[in-house]
Amino acid sequence: MNSRDSEHMIAELTEKENYEVIDDFTKADLILINTCSVREKPVHKLFSELGGFNKKKKPSAKIGVCGCTASHLGEEILKRAPYVSFVLGARNVSKITQVLYKDKAVEVDINYDESAFAFKDFRSSPYKGFINISIGCDKSCTFCIVPKTRGDEVSIPLDLILKEASRLVDSGAKEIFLLGQNVNNYGRRFSAEHEKVNFTELLRRLSKIEKLQRIRFTSPHPFHMDDEFIEEFASNPKICKSMHMPLQSGSTKVLKDMKRGYTKEWFLNRVEKLKSIAPEATISTDIIVAFPGESDEDFEDTLDVLRKVKFDQIFSFKYSPRPETEAEHFTNIVDEDVASQRLTQLQSLNNEIIDEKHSSYLGNVYNVYFEELNRDNYIAGRSDNNIVIRVKGSEELLGQFRDVKITEIGRTILTGEIVA
Ligand code: SAH
């Protein structure tokens with residue numbers, strides 16, 4: 001989502017203000033830092049990075065702090081780093097060309113509605129494009145700061161999404177990536193009167209775009225994974241067979257304390273349904289260890305879900321208390337050493353699972369969409385089910401689909417050779 005916000009700001013600046021993107025910040029007239037605030041670490045990093053930029057930048061260069069940390073710290077950023085020119089919160093990025101001209105502007109209104117703003121176009125990849133389908137988040141997960149930095153959930157009108165997807169495809173992209181905090185809650189609220197469709201219907205409409213070949217999305221919420229959605233996912237050939245299912249915890253008790261809205265059994269039931277009708281699908285997840293009150297047994301439940309589901313990728317984090325969240329006030333904090341040890345244990349179990357899975361891929365053939373040149377004359381892309389695969393090759397392969405047979409196994413990337 002931040003990447004897309006950055007693209008939007010670049011688009012506005014290059015199209016309306018004649019800026020261009022350069023690599024060397026010491027020569028830049030404007031330095032934008034787009035921040036996350038989901039965990040505490042990036043916030044600390046912001047201030048150390050800011051100091052570095054300020055020391056080496058051109059004297060006349062402006063620095064703007066954007067994104068979620070801008071939303072939640074606001075004015076305080078100017079106090080702690082007075083050389084910052086403006087602060088522009090998430091969901092206010094359409095104002096980028098205005099704040100340029102307002103020294104010390106702080107635009108962080110989380111109720112600001114840019115769901116129907118006609119952003120100019122900038123794409124960091126010609127092969128695929130991100131499309132926002134909603135802004136904000138209506139959930140009240142007790143650990144999460146996002147609703148406080150990105151505001152309430154508002155869906156982007158269907159006709160805007162369809163037009164954006166068609167524009168992308170007309171410019172040569174074959175894959176779209178739909179973005180939202182809870183994509184499968186799409187269509188619950190619009191900022192004005194618009195055609196109401198749900199996420200499953202949105203997927204159907206998008207897949208009618210003829211030249212569009214691949215549709216990906218993140219993040220769906222396990223709570224909203226109804227049968228209709230899973231069945232469309234399985235049967236629609238344009239929907240890539242990789243599903244992100246953010247578990248957070250395998251313990252029903254912890255899930256309740258997190259206010260996730262589902263149980264361990266519901267999650268496993270949804271995975272079972274998915275696997276039964278789309279066995280080729282890969283599943284990724286997010287997991288938080290050491291949420292306040294997480295006992296050894298609770299953590300064991302998380303490991304149990306890992307063993308049962310055998311995720312293809314996990315993003316795992318130690319719980320980080322965040323301001324303005326309910327869990328910030330929870331007192332049954334898990335000891336730091338225990339948290340570290342749980343994270344290590346979780347990750348090593350996951351590595352075992354991945355190694356075992358990947359070794360069974362040897363000799364398999366996948367249809368790969370090539371999109372990235374790597375070092376040593378390798379070119380990489382993804383299979384429909386989101387496995388990163390590289391082959392020896394050159395740029396003629398970029399933007400092309402090829403069948404690739406796997407010849408070498410790695411934990412994050414597989415190597416193969418083109419067979420068709
Ligand atoms: N709306 C998305 C979450 C986006 S944040 C969803 O529900 O899937 C991405 C991930 O960061 C979350 O899934 C969660 O695993 C992690 N995260 C969020 N808040 C956190 C916190 N306070 N501490 C540690 N990890 C956190």
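How far apart are the end C-alpha atoms of helix 13, and what span should its 24 residues give? In this predicted model, the ends of helix 13 (residues 336-359) sit 35 Å apart. The expected figure is 34 Å, because each residue should add 1.5 Å, so the two values agree. At the N-terminal end, D335 acts as the cap, with a side-chain oxygen 3.2 Å from the backbone nitrogen of D337.

Helix 13 also has a buried side to its story. Its buried residues include A339, L343, L346, L349, I353 and I354, and also R342, N350, K357 and H358. These buried residues pack against two strands that come up again below, strand 11 (282-289) and strand 12 (313-318), as well as against helix 12 (296-309) and strand 17 (414-418).

Strands 11 and 12 turn up again around the ligand, where each supplies at least two residues of the shell. That shell has 15 residues, and the closest are F143, Q181, Q248, D286 and S320. Backbone N or O atoms of two of these residues face ligand nitrogens: the distance is 2.7 Å for S320 and 3.0 Å for F143. R260 uses its side chain instead, placing an N or O atom 3.4 Å from a ligand oxygen. Of the 550 Å² that the ligand exposes when taken alone, the protein buries 90%.

As for nonpolar packing, the largest core has 59 residues, and L178, F199 and F217 have the most contacts inside it. Beyond its neighbours within four places in sequence, L178 touches a set of residues including I131, I133, V183, F199, L203 and F217. A second core, separate from this one, has 17 residues, among them A28, I33, V43 and I77.

Key: Residues numbered from 1 in each chain as written. Predicted model: local features only at pLDDT ≥ 70, side-chain atom pairs only at ≥ 80, totals over all residues. Heavy atoms only, no water. Helix = DSSP H or I, 4+ residues; strand = E, 2+ residues; numbered from the N terminus. Expected span 1.5 Å × (residues − 1). Buried < 20%, exposed > 50% of the residue type's maximum accessible area, 1.4 Å probe, protein only. Contact = heavy atoms within 4.5 Å. Polar contact = N/O pair within 3.5 Å; in protein donor to acceptor, adjacent residues only side chain to side chain. Core = buried A, V, L, I, M, F, W, Y, C linked by side-chain atoms within 4.5 Å. Near = heavy atom within 4 Å. Areas by Shrake-Rupley, 256 points an atom, 1.4 Å probe, with all protein chains shown as cover.
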